[in-house]
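I opened my notebook to look up a few things in this model, one topic at a time. Come along and follow each entry in the viewer.

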Amino acid sequence: MGQLQRIATVGHVTEMTDHIPLIGGRDGEAVSHVGIWILQGRLTKMAAPAPPAPRSQARAQPPPHGATPITVARRTMRNRPPTSVFLTIEGIDGAGKSSHLESIRAHFVERGRTVVMTREPGGTTLAETLRTLILRDPMDPLTEVLLIFAARRDHLTQVIEPALARGDVVICDRFTDSTFAYQGHGRQFDLSVLATLEHWVQNAVRPDLTLWFDLSPQVAAQRLAGARAPDRFEAEQLAFFDRVRAGYAERAAAEPGRFRRIDASATREETAALVQATLAAWDSSRLRHGTRPDVD
Ligand SMILES: Nc1ncnc2c1ncn2[C@@H]1O[C@H](COP(=O)(O)OP(=O)(O)OP(=O)(O)O)[C@@H](O)[C@H]1O
Ligand SMILES: [Mg+2]
């Protein structure tokens, strides 16, 4: 830990200071290695002899030349406390996500958990400013994607990662599945570019559980009609939302361990009951499998 504290004091690798608290405690060896990597890459004059590698890491590859903070962040989030939960809520506009946020929060609060409620795009001052632009101003698809991921990066480093590092529950109204569904499938933006950006921006941070509120675009549009002035996405045609819904279906099929489909066509009360039952079942499966069964 001493090396990391020195790095924090120097403050040269500003971005790293966000991640330092995530590393402490459970994996002292990893902490030392991280420190040495940074020292080699950025702070050579402060370099200290590396401690002997523990047996479990004896065959680990040496860090690549110029290892970046992003590399380090990937390692640290794999070591986040097992109590942490990253839950995301997804679905097309009007599916009912926001209507159930409070009861999802209550599920965890009743179990004594500290819960951070947040949303995307947004969640920080900068990201909320970007949200306003993204939802309002016409722009080309690549600009839109880059702004979304820029907002996500700020949100991750300022809010999500610190909360997960504390072992809290993070409930996020929309996350990267929205980007794949809306920009990828809805706007037909290159999915492989999105996957690259996801990896680059998020490293190993992925939701543990995603509640997908699934509703036909026709019913969603009826529910939204007159509810508020449509933003750039809500103003899209039904065909766009058909593609977005198909995108969610594809992602849910690819990751059945993470996704839980919520049939959102029922009444509010029935849907709320389904959400609670789904969370209870997930809790049980989590207990049975240890923690975070779907994260490596
Ligand atoms: N089960 C339901 N039956 C009928 N109307 C509903 C139901 N659930 C939510 N609504 C209404 O549908 C509208 C959209 O719901 P909500 O705002 O929760 O959707 P959302 O998924 O958060 O949408 P967005 O993605 O645009 O934020 C709201 O007016 C809400 O009151
Ligand atoms: Mg909403």
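**Entry 1: the ligand.** I kept in mind that this is a predicted model. I began with ligand 1 and asked which helices each supply at least two residues of its shell. I found two names to write down, α10 (217-224) and α12 (268-288). I then looked up the surroundings and noted 15 residues around ligand 1. The closest are Gly96, Lys97, Ser98, Ser99 and Arg223. I sorted the shell by residue class and got three nonpolar, seven polar and five charged residues.

**Entry 2: α12 again, now with α5.** Since α12 had turned up in the shell around ligand 1, I looked at how α12 sits against helix α5, residues 101-109. Their axes come within 10 Å and cross at roughly 35°. I wrote down the crossing of α5 and α12 as right-handed. Which residues of α5 meet α12? They are Ser103, Ile104 and His107, and on the α12 side I listed Ala272, Val275, Gln276 and Leu279. The residues of this contact divide into four nonpolar, three polar and no charged.

**Entry 3: the sheet.** Next I traced the strands. Five of them form an open sheet, and I read the order as β2-β3-β1-β4-β5, with parallel pairing. At the edges I found β2 (115-119) and β5 (259-263), each of which pairs on one side only. On average, neighbouring strands here are turned by 20° against each other, if direction is ignored. I picked one pair for a closer look: β1 (residues 85-91) and β3 (residues 169-173) pair in the parallel sense over five bridges. I looked up threonine 88 and found that its bridge partner in β3 is cysteine 172.

**Entry 4: two loops.** I followed the chain into the loop between β2 and α6, where proline 121 lies. Is the peptide bond from glutamate 120 to proline 121 cis or trans? I noted cis, with omega near -15°. Then I went to the loop between β3 and α8 (176-186), the place of arginine 174. Arginine 174 is not a glycine, yet I noted a positive phi of about 80° for this residue.

**Entry 5: α6 and α7.** I finished with helix α6 (residues 125-136) and helix α7 (residues 141-165). Their axes come within 8 Å and cross at roughly 160°. Angles over 145 degrees count as roughly antiparallel, and therefore I wrote α6 and α7 down as roughly antiparallel to each other. The crossing of α6 and α7 is left-handed. From α6 I listed Leu126, Ala127, Leu130, Arg131, Leu133 and Ile134. They meet Glu144, Leu147, Ile148, Ala150, Ala151, Asp154 and His155 in α7. What classes do the residues of this contact fall into? I noted nine nonpolar, one polar and three charged.

Key. Residues numbered from 1 in each chain as written. Chains lettered and ligands numbered in written order. Predicted model: local features only at pLDDT ≥ 70, side-chain atom pairs only at ≥ 80, totals over all residues. Near = placed C-beta within 6 Å. Helix = DSSP H or I, 4+ residues; strand = E, 2+ residues; numbered from the N terminus. Nonpolar A, V, L, I, M, F, W, Y, C, P; charged D, E, K, R; others polar. Axes fitted to C-alpha atoms, helices over the stretch in contact; angles between N-to-C directions. Parallel < 35°, antiparallel > 145°, perpendicular 65-115°, else oblique. Left-handed = near helix turned anticlockwise from the far one by under 90°. Contact = placed C-beta atoms within 7 Å. Pairing = 2+ DSSP bridges.
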